[in-house]
Amino acid sequence: MARRTENKHGSTADEFDLLAVIRQQLPSNTIPDSGVCVGIGDDCAVLQPAAGQKLVVSSDTLNAGVHFFPSDPPEAIGHKALAVNLSDLAACGATPRWASLNLSMPTADRHWLQRFMQAFLKLASTHNTRLIGGDTTAGALSISVTVMGFSPRPLLRSGAKDGDLLAVSGHIGSAAFALKHRHHPAGWALSRALQWPQPRLDISQAIAPFAHAAIDISDGLLADARHLCQASGLSAHIALEKIPVHPLVKQHDPHWPELVLAGGDDYQLLFTCASKDRHLLPADCQVIGHLQQSRQPPQVQVCHHGEPLHLPTDGFRHFS
Ligand SMILES: [Mg+2]
């Protein structure tokens with residue numbers, strides 16, 4: 001339902017104006033083999049799934065004040081809204097194809113929306129992802145994105161095997177460091193990790209043929225390792241000193257292990273593979289531990305140079 005709203009410049013616009021802003025920015029040339037029979041403009045999108053592939057779907061919502069600061073640049077918010085969703089497809093070893101966008105805005109601010117869409121569509125284009133529909137509505141600033149992709153054999157959290165190596169991509173803890181130290185030059189230096197996370201579809205494609213299980217690190221390394229362990233029914237042993245951490249994080253924060261283990265917002269991949277496949281790991285990945293069966297319920301143990309660490313029970317929890 002279209003509803004009239006007033007923006008901060010005093011002009012009025014409604015849902016149809018906002019949709020026009022979005023449609024103006026959509027690439028005019030159709031991407032060949034996009035699988036889109038009918039895109040934005042009708043009551044429904046009509047999509048043609050690829051033969052022999054499984055459809056992989058994920059959805060995530062970003063709320064102002066919870067997942068980003070309302071004062072963040074609209075480009076960063078637009079990028080992150082899609083990036084965190086593409087990260088879930090990366091975790092499943094899927095190739096992105098389509099996205100839909102539901103946007104709630106307090107005012108019909110065309111300028112904000114233009115800047116938001118520019119970054120959203122730039123990232124979409126980088127990963128051959130077509131925006132196929134969605135909705136705009138008046139309300140608190142909130143962005144909900146659904147992404148769809150394909151994989152012949154989706155990678156799941158539950159696929160880990162006894163004796164698997166546990167590995168991560170990239171650096172861990174940089175986003176949490178940037179958030180905690182956002183008023184310090186060292187924090188600014190790593191702010192891209194927080195505001196412009198890059199979904200690791202490159203890693204995902206490289207490990208899909210041999211990895212057994214994967215998850216993207218959004219809640220924090222420890223919490224997401226626990227999710228993977230619980231789904232696979234195995235326990236993990238992690239060596240803190242093997243986790244790749246940016247030098248600035250270690251230099252500037254004596255509590256860096258907490259940022260690395262519980263910080264979250266990394267959007268790197270945590271995955272498992274057989275030790276015989278260790279030589280297949282991409283250059284940007286590090287083995288940080290292994291998985292094994294245990295008599296107790298699945299748990300994650302972290303040691304620092306052989307000494308067990310006392311760990312908090314959880315990473316970042318929504319609604320806490
Ligand atoms: Mg995830």
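Hi everyone. Helices, meaning H or I runs of at least four residues, and strands, meaning E runs of at least two, are DSSP runs numbered from the N terminus. With that in hand, here is our starting residue: Ala94 lies in the loop between helix 2 and strand 6 (95-105). Please keep in mind that what you have in front of you is a predicted model.

Let me begin with confidence. The average pLDDT over the chain is 90, and 90% of the residues score at least 70. Two stretches deserve some caution. Over residues 2-12 the pLDDT stays under 50, and the model has 24 contacts for them beyond four places in sequence. Residues 315-320 also stay under 50, with 7 such contacts.

Now the overall layout. The domain assignment gives domain 1 (5-151) and domain 2 (157-308). Taken over C-alpha atoms, the centres of domain 1 and domain 2 are 28 Å apart. How many residues of each domain are in contact with the other? It is 21 residues of domain 1 and 18 residues of domain 2.

Back to Ala94. Is Ala94 buried or exposed? Buried means under 20% relative accessible area, and Ala94 has 0% relative accessibility, so Ala94 counts as buried. Leaving out residues up to four places away in sequence, Ala94 touches Val56, Leu89, Gly149, Phe150, Ser151, Leu201, Ser204 and Gln205. As for Pro298, it is 204 residues from Ala94 in sequence, and the two are 27 Å apart in space, C-alpha to C-alpha.

Next, let's go inside. The largest nonpolar core has 50 residues, and those with the most contacts inside it are Leu82, Leu113, Phe116, Met117, Phe120, Ile143 and Phe271. Which helix gives the most to this core? That is helix 2 (residues 74-91), with 9 residues. The core also draws at least three residues from each of domain 1 and domain 2. Apart from it lies another core of 36 residues, including Ala175, Ile243, Ile288 and Val302.

Two of the names from that first core, Phe116 and Phe120, come back when we look at aromatic rings. A pair of aromatic rings is described by the distance of the centres and the angle of the planes. Searching the whole structure turns up 3 aromatic pairs. In one of them, Trp112 and Phe116 are stacked, at 5.2 Å centre to centre with 15 degrees between the planes. Trp112 and Phe116 are 4 residues apart in helix 3 (residues 110-126), so about one helical turn separates them. Both of these residues, Trp112 and Phe116, are buried.

Step along the helix and there is another pair. Phe116 and Phe120 are also stacked, with 6.1 Å centre to centre and 25 degrees between the planes. Again we are in helix 3, with Phe116 and Phe120 4 residues apart, about one turn. Phe120 is buried, as is Phe116. Put the pieces together, and Trp112, Phe116 and Phe120 form one aromatic cluster. Which residues does Phe120 touch, not counting residues up to four places away in sequence? They are Gly78, His79, Leu82, Leu101, Leu131 and Val145.

Another ring has a charge for company: the charged end of Lys250 sits over the ring of Trp256, 4.8 Å from its centre.

Let me finish with three more residues. Ala167 is in strand 9 (residues 165-169). Its relative accessibility is 1%, so Ala167 counts as buried. Beyond four places in sequence, Ala167 touches Leu269, Leu270, Phe271, Leu281, Gln286, Val287 and Ile288. Ala167 and Ala81 are 86 residues apart along the chain, and 26 Å separate their C-alpha atoms.

His181 is in the loop between helix 4 (174-180) and helix 5 (185-189). With a relative accessible area of 18%, His181 is buried. Among the residues His181 touches are Trp188, His252 and Asp253.

And the last one, Arg295, is in the loop between strand 13 (285-292) and strand 14 (300-304). Is Arg295 buried or exposed? At 89% relative accessibility, Arg295 counts as exposed. The C-alpha atoms of Arg295 and Pro247 are separated by 37 Å, with their positions 48 residues apart along the chain.

Thanks for listening, everyone!

How values were computed
Residues numbered from 1 in each chain as written. Predicted model: local features only at pLDDT ≥ 70, side-chain atom pairs only at ≥ 80, totals over all residues. Heavy atoms only, no water. Core = buried A, V, L, I, M, F, W, Y, C linked by side-chain atoms within 4.5 Å. Buried < 20%, exposed > 50% of the residue type's maximum accessible area, 1.4 Å probe, protein only. Domains from an automatic or database assignment. Contact = heavy atoms within 4.5 Å. Phe/Tyr/Trp six-rings, centres within 6.5 Å; stacked < 30°, edge-to-face > 60°. Lys NZ or Arg CZ within 6 Å of the ring centre and 35° of its normal. pLDDT = per-residue confidence, 0-100.
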